[in-house]
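Colleague: I'm new to this one and a bit lost. Could you pick a single part and take me through it closely?

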Amino acid sequence: MQGVLEANRALITLVSVVAYLLLCVGIGIWSLKRTKSSSDFFVAGRNLGVMVTAFAIFSSTMSGFGFVGGPGLMYSMGMSSVWILASTVISNIIVLNLVAKRLRMVSELRECVSLPDVAAVRYGSESVRASVAVVILLGVLGYLATQILAMSIVLQGVLADAGVFQDPSLGLCVAISCSVLIFYSVTGGIVASVYTDLVQGVIMVVAAVLIFFTVLGTFEGGLAEISRIVAADDRAAASPWGTIGMLSGISWFFVFGLGVVGQPHVMTKFMMLRRVKDLRHVIPLGVFAYGTTALLWIGIGLSMRALVLSGGHPPLATPDMASSEFLQTFTHPLLAGVVFAALLAAIMSTADSFLNIGTAAIVHDIPNALRGRSITNELMWARIVTALLAVAAAIVALYTGDLVALLGAFGWGTFAAGLVPVIAIGLNWKRASARAANVAIASSLFVNFGLRLGGVRLPYGIDHGAAALIVSLVLFISISFLGTPRALPTDIDRVMDL
Amino acid sequence: MGTLLFFAAALLALLVVGVITDAGTGTAVSHPDFASLLRGADSGTLGAPMWSGYAVGLLAIGMMWVTLLVGFRPGHWIGTAVAVWGAWYVFAFVALMRSYRTYALGETAFFAGFTAPSAWLVYGLGLSPWILLIVVTAVFERAYFGPEEQARFEEILTTSRAAAPGHPDGHTDATKET
């Protein structure tokens, strides 16, 4: 039996992936009837339950980076990227304290469908709405393009291994994967997105647990033996800093720990929750799912490093191959099939979130900022723009080379630097001013883009996003302190007291 | 906010001094046998002095701690609990740094699958906040958002919606279509 399964490993993977894609199409059709207004399309009518919201948040956060890039970082750098994971629990308590409750209340109070909406009513300023929308659009384009590229590369590998196509081109794989993504995102908007996220999240958690047990079995002595092998070769790699260095590791902890409250694809989900009090269950559930999935990140990455060092596996051509090589070589064929579907799920769940908030920025926020009102027939335009945005991101992914990587890398730090002060601090501090918000956003773009495009290397490899976040926080708080406080609308003022 | 500004400004000052003095240009090196692997330099610190690790780490934790002290009902004991927990988190970070110092001198101890300083990272900084999260979840209705807050919110909602058609207080809904 094992031999038969092993012989059909590629076919099993293909069937799993096709089944998963069909499931996404099915959810798209199911959610079509449930999407009747732009509010349904962007915030699911503010009617999501605990489980769906928690998994939507977790799935959007754990992107393809978590399944491919994360293990790749562990493989090439040792323990460095654990600083990103170590910030998960504390960052979610910060989310609960700073943002989730107030965001949910303000969004219901003023029927906001996007973060720029919330910023506009908080600061009473259309220029702040426009600034937030621009930051979101820039980040979305980069993130979306990287997710589409990753999705297509995964599909290319699956199709090639199964022998369905002789040599499937990347363009063809972009077309196939984008078609499914566009279909369910256009038909069902965020409703389809969050319900596919639920399915995707469950697949990811199950796959991660099973893979971690496989990892423990690769060496007698489990994780301790893996750490011993890594430390014997390079003590730095097994130290908490890994190879990236002490200050760089701590800067990751900082920018990922505090920066999560500025991630629009995550924060927007809190606006969709049915009841404020459900937050108490949503956050722990989401953190538990994320933490479980992180086992795959640590397990595959470290074990592949140990396997290569001990001669148990040939060296990898690139670090990002760590996951796929481990799955092809060390896992049961059925499990490999599930994990490949999970990998695609991780990527698509993040992509559909970005597609939705990017569409909101174009269809809802920028017209509101420029004309003071939304466009007519917003739902129809939302569907059209969703498709166009996905196509634009696919073109960026296929034809702009290194720009994709630059925009993708720049995304988290820019969102963190731009939106942590404006949204997270702004919703908790009545003195925060619109001018300070605009300056903080401008500085986040200037510092992040300037440092990266200028090839500036910060001391000891400190992350550019961390530097941009510090600069924008200092500017935001200082300018707000120096300015004259402006009275807030009564309802916003009272909600900020709750 | 003054405390948050203080922590952020101190971090910015350290960063500016580092840039001006052109500090820390070292990088990881390629593995001699495997091209896709990196190896650390200077025992993993890339030449950064230990005091800078303490300073940046404690300032970053300080900023997070300040943000944890927001959002709960004034006077509730959860405030004290968060403060105490902040002290534990500082202790865990200091323990990591001290454990790393021993590790860098050549002593290799393992704990639950990782080297000792890495175990402080995984279990101390990474997983111990679960205790706080469980406590926060348990007291959520009493300390963060209970029936009293829900009632006040509903009253604000009702008042705001009643005021919306004529916009007497100057606000409009964010989703108004033409």
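Modeller: Let's look at where the two chains touch, and then at what lies behind that spot in chain B.

A bit of housekeeping: this is a predicted model, in which local features need pLDDT of at least 70 and side-chain atom pairs count only at pLDDT 80 or more, while totals for chains, interfaces and linings use all residues. Residues are numbered from 1 along each chain as its sequence is written, and chains are lettered from A and ligands numbered from 1 in the order in which they are written.

Right, the contact draws 86 residues from chain A and 79 residues from chain B (two residues are in contact if their C-beta atoms, placed from the backbone, lie within 7 Å). On the chain A side, helix α7 (residues 88–109) contributes the most, eleven residues; helices are DSSP runs of H or I with at least four residues, strands runs of E with at least two, numbered from the N terminus. Sorted by class, that side of chain A has 54 nonpolar, 18 polar and 14 charged residues (Ala, Val, Leu, Ile, Met, Phe, Trp, Tyr, Cys and Pro are nonpolar, Asp, Glu, Lys and Arg charged, and the others, Gly among them, polar).

Now zoom in on α7(A) and α5(B). They pack at about 30 degrees, with axes 8 Å apart; axes are lines fitted to C-alpha atoms over the stretch in contact, and angles run from 0 to 180 degrees between N-to-C directions. The two helices are therefore roughly parallel, the word for angles under 35 degrees. From α7(A) come A:Val89, A:Ile90, A:Ile93 and A:Leu96, and from α5(B) come B:Pro129, B:Trp130, B:Leu132, B:Leu133 and B:Val136. That patch has nine nonpolar residues, with no polar and no charged ones.

What does α5 do on the chain B side? It is among the elements that cover the buried residues of α3(B), a list that also includes α2 (50–68), β4 (114–115), α4 (116–127) and α6 (140–144). Those buried residues of α3(B) include B:Trp85, B:Tyr89, B:Phe93 and B:Leu96 (buried needs 20 or more other C-beta atoms within 10 Å of a residue's own, all placed from the backbone). Helix α3 (residues 78–104) itself has 27 residues and reaches 38 Å from first C-alpha to last, close to the expected 39 Å (1.5 Å times one less than its number of residues). After α3(B) comes B:Gly106, with a positive phi near 115 degrees.

Methods:
A residue is buried if 20 or more other C-beta atoms lie within 10 Å of its own, exposed if 12 or fewer, and partly exposed in between; C-beta atoms are placed from the backbone. Angles under 35 degrees count as roughly parallel, over 145 as roughly antiparallel, 65 to 115 as roughly perpendicular and the rest as oblique.
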